[in-house]
Amino acid sequence: MICDFGELAHLMRANGAHFIIYPGAFDMATGSYNYELLTRARAVDNQVYCASISSATDKTATYVSWGHSVIAAPTGQVVDSATDTEKIIYCNLKMDEIHFVRDSIPIWKQKRKDMYEV
């Protein structure tokens, strides 16, 4: 969902979201090169904490998931992540960091909403 529904994150942010959690199901072919990248991009684009949560890799399953759950801060920095094995990842939400990023880079105040209406 992180790649196909960037606009969904945008709408959640517009409605006051500070933390967005995505279910992840990237496969072994695409996960390695864009799973973390897209999570970090959604965090930066929307100035929120963003987590992409995936099941651990099970090579005996019908669908083999990439795994590698990850949490990114509003700056795009990875806060915590897992490998392909089972792991619980954690994040302390720092509201002051969210406010600092939003005040320092005021993209939401500068956005021309009239350009996106049909």
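**Surface patch.** I looked first at a nonpolar patch on the surface, formed by Phe 19, Ile 21, Ile 53, Leu 93 and Met 95, which together have about 410 Å² of accessible area. Patches here take residues with over 30% relative accessible area and no salt bridge, joining nonpolar side chains (Val, Leu, Ile, Met, Phe, Trp, Tyr) within 5 Å and like charges within 9 Å. The areas come from the Shrake-Rupley method with a 1.4 Å probe, and for residues only the protein chains shown count as cover; a salt bridge is a side-chain nitrogen of Lys or Arg within 4 Å of a carboxyl oxygen of Asp or Glu.

**Basis of the entries.** I note that this is a predicted model, in which local features need pLDDT of at least 70 and side-chain atom pairs count only at pLDDT 80 or more, while totals for chains, interfaces and linings use all residues. Residues are numbered from 1 along each chain as its sequence is written, and side-chain values use heavy atoms, with hydrogens and water left out.

**Overall layout.** I found four helices and four strands in the protein chain, in the order α-β-α-β-β-β-α-α from the N terminus; helices (H or I, at least four residues) and strands (E, at least two) are DSSP runs, numbered from the N terminus. The C-alpha trace spans about 50 × 35 × 20 Å along its principal axes. Of the 118 residues, 36% count as buried, where buried means under 20% relative accessible area, exposed over 50%, and partly exposed in between (1.4 Å probe, protein chains only).

**Strands E1 and E2.** I checked the two faces of E1: Ile 20, Tyr 22 and Gly 24 point to one face and are buried, whereas Phe 19, Ile 21 and Pro 23 point to the other and are not. In a regular strand the side chains alternate between the two faces of the sheet. E1 (residues 19-24) runs parallel to E2 and is joined to E2 by six bridges; strands pair if DSSP finds at least two bridges between them. Phe 19 stands opposite Tyr 49, and Ile 20 has Cys 50 as its bridge partner. Strand E2 (residues 49-54) is mostly covered, with five of its six residues buried. Together with helix H2 (residues 31-46), E1 and E2 make a right-handed β-α-β unit, meaning that, with the strands pointing away from the viewer, the path from the first strand over the helix to the second runs clockwise.

**Strands E3 and E4.** I then followed E2 to E3 (residues 70-72), an antiparallel pairing over three bridges in which Ala 51 stands opposite Ile 71. E3 in turn pairs with E4 (residues 78-81) in the antiparallel sense, again over three bridges, with Val 78 as the bridge partner of Ala 72. Five residues lie between the strands of this hairpin, where Gly 76 takes a positive phi near 95 degrees.

**Helix H1.** I looked up burial in H1 (residues 6-14) and found Ala 9, His 10 and Arg 13 buried. Seen down the axis of H1, the buried residues fall within an arc of 105 degrees, so they line one face of the helix; the arc is that of the directions from the helix axis to the C-beta atoms. The face turned away from that buried side carries the exposed residues Glu 7 and Ala 14.

**Helix H3.** I returned to Met 95 of the patch, which is found in H3 (residues 95-104) and counts as partly exposed because its relative accessibility is 33%. Asp 96 lies in H3 too, and at 58% relative accessibility Asp 96 counts as exposed.
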